[in-house]
Amino acid sequence: MDHEQNPGAVLLKLLKLLWLLPYSWATPEAPTTMWQGGLQNHTFLHTVYCQDGTPILGLSETYDEDQLFFYNFSQDHRLPRLPEFADWIKDEGDAAAISFDKGFCQAMIERIGPHLEGQIPVARGFPVVEVFTLKPLEYGKPNTLVCFVSNLFPPTLLVTWQYHSVFLEEARFTYVSANDGLSFQAFSYLNFTPEPSDLFSCIVTHKIDNYTAIAYWVPQDAVPSDLLENVLCGVAFGLGLLGIIVGTVLIIYFRRPCSGD
């Protein structure tokens, strides 16, 4: 008589396929001890993930937990998180390895997922959101708002922006990257020109449980703009000139000879 196959046995059979992964995946993590001459090790993470939620598939590359690139699977090439990183993208000779990782990851989801559904608790992390400017704040000068999402697991999220409670469509792509320990973080960017009356909000919805976190941003501690500096300099110069004139008049007045009665 046929017996239903144990989910654990299925998992063990599939894990035997791990030898097919690129050798770099099996390379032990570099120690954190100091090298001779005061040099220290750094960590470069190349992380491929897939899931039933959105995004279905992702690849991020980070250096000491700072994301450098993510991979556009529809166009098969890397994209920099910041424009400054664009010059670091050179000839991409690992497209075949990335394609293999993509297929392997999706195969694991399709074959393991149905057998282990309901057997393993789903881990969740409640997203923590904060908003800040990419450059020092100066009124009237173009800047970028950054919505940073941490404590994210699994990486299924929707990021939207509002200005005075009105939804904005100008936000750029949301970048998701992996940290040590397979937790995730995300960045969303919004270009804007700051004004004193601004009120922005970044709304993050964790799709797995519809948990929503909101962070607000209002202008604080703005750097004086060039116009304000010029106005202040003009006022100071005017006050100084007025003081010189008043002082000269007073000196002339008090130096006049007193007339007799």
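Is Cys-147 buried or exposed? Cys-147 is buried, and its relative accessible area comes to 0%. Keep that residue in mind, as we will come back to it after a walk through an earlier part of the chain. One caution before we start: what you have in front of you is a predicted model.

Let us begin with a sheet. Four strands make up an open, antiparallel sheet, and their order is E1-E2-E3-E4. At its edges lie strand E1 (44–50) and strand E4 (77–80), each of which pairs on one side only. On average, neighbouring strands here are turned by 25° against each other, leaving direction aside. Helix H2, made of residues 95–116, packs on this sheet and touches E1, strand E2 (57–63), E3 and E4. The direction of the helix makes about 45° with that of E1.

Now look at the E3 and E4 side of the sheet. Strand E3 covers residues 66–72 and is joined to E4 by four bridges, with the two strands running antiparallel. If you would like one pair to find on screen, take Phe-69, whose bridge partner in E4 is Pro-80.

Strand E4 also takes part in a side-chain link. Glu-61 and Arg-78 form a salt bridge in which the closest N and O atoms are 2.7 Å apart. Glu-61 belongs to strand E2 and Arg-78 to strand E4, so that distant parts of the chain, 17 residues apart, are linked by this pair. How accessible are the two partners? Glu-61 is buried, at a relative accessible area of 5%. Arg-78 counts as buried too, because its 11% relative accessibility falls under the 20% cut-off.

The helix and the sheet share a covalent link as well. Cys-50 and Cys-105 form a disulfide, with 2.0 Å between their sulfur atoms. Cys-50 sits in strand E1 and Cys-105 in helix H2, so the bond connects distant parts of the chain that are 55 residues apart. The link is left-handed, with -100° about the S-S bond, and both cysteines are buried.

That brings us back to Cys-147. Which cysteine is its disulfide partner? The partner is Cys-202, and the two sulfur atoms are 1.9 Å apart. This link is left-handed, with -85° about the S-S bond. Cys-147 lies in strand E6 (residues 143–152) and Cys-202 in strand E11 (residues 200–206), so the bond ties together parts 55 residues apart in sequence. Cys-202 is buried at 0% relative accessibility. A search of the whole structure gives two disulfides, and counting bonded cysteines along the chain, their pattern is 1-2, 3-4.

Finally, have a look at the region just ahead of E6. Tyr-139 is found in the loop between strand E5 (128–133) and E6. With a relative accessible area of 30%, Tyr-139 is partly exposed. Its C-alpha atom is separated by 5.1 Å from that of Pro-194, although the two residues are 55 positions apart along the chain. A salt bridge also joins the side chains of Glu-138 and Lys-141, at 3.4 Å from N to O. Here the partners differ in exposure: Glu-138 is buried at 18%, whereas Lys-141 is partly exposed at 34%. The structure holds two salt bridges, and you have now met the pair Glu-61 and Arg-78 and the pair Glu-138 and Lys-141.

Definitions and conventions:
Residues are numbered from 1 along each chain as its sequence is written. This is a predicted model: local features need pLDDT of at least 70, side-chain atom pairs count only at pLDDT 80 or more; totals for chains, interfaces and linings use all residues. Side-chain values use heavy atoms; hydrogens and water are left out. Two strands pair if DSSP finds at least two bridges between them. Axes are lines fitted to C-alpha atoms, for helices over the stretch in contact, and angles run from 0 to 180 degrees between N-to-C directions. Contact means heavy atoms within 4.5 Å. A disulfide is a pair of cysteine sulfur atoms within 2.5 Å. Buried means under 20% relative accessible area, exposed over 50%, partly exposed in between (1.4 Å probe, protein chains only). A salt bridge is a side-chain nitrogen of Lys or Arg within 4 Å of a carboxyl oxygen of Asp or Glu.
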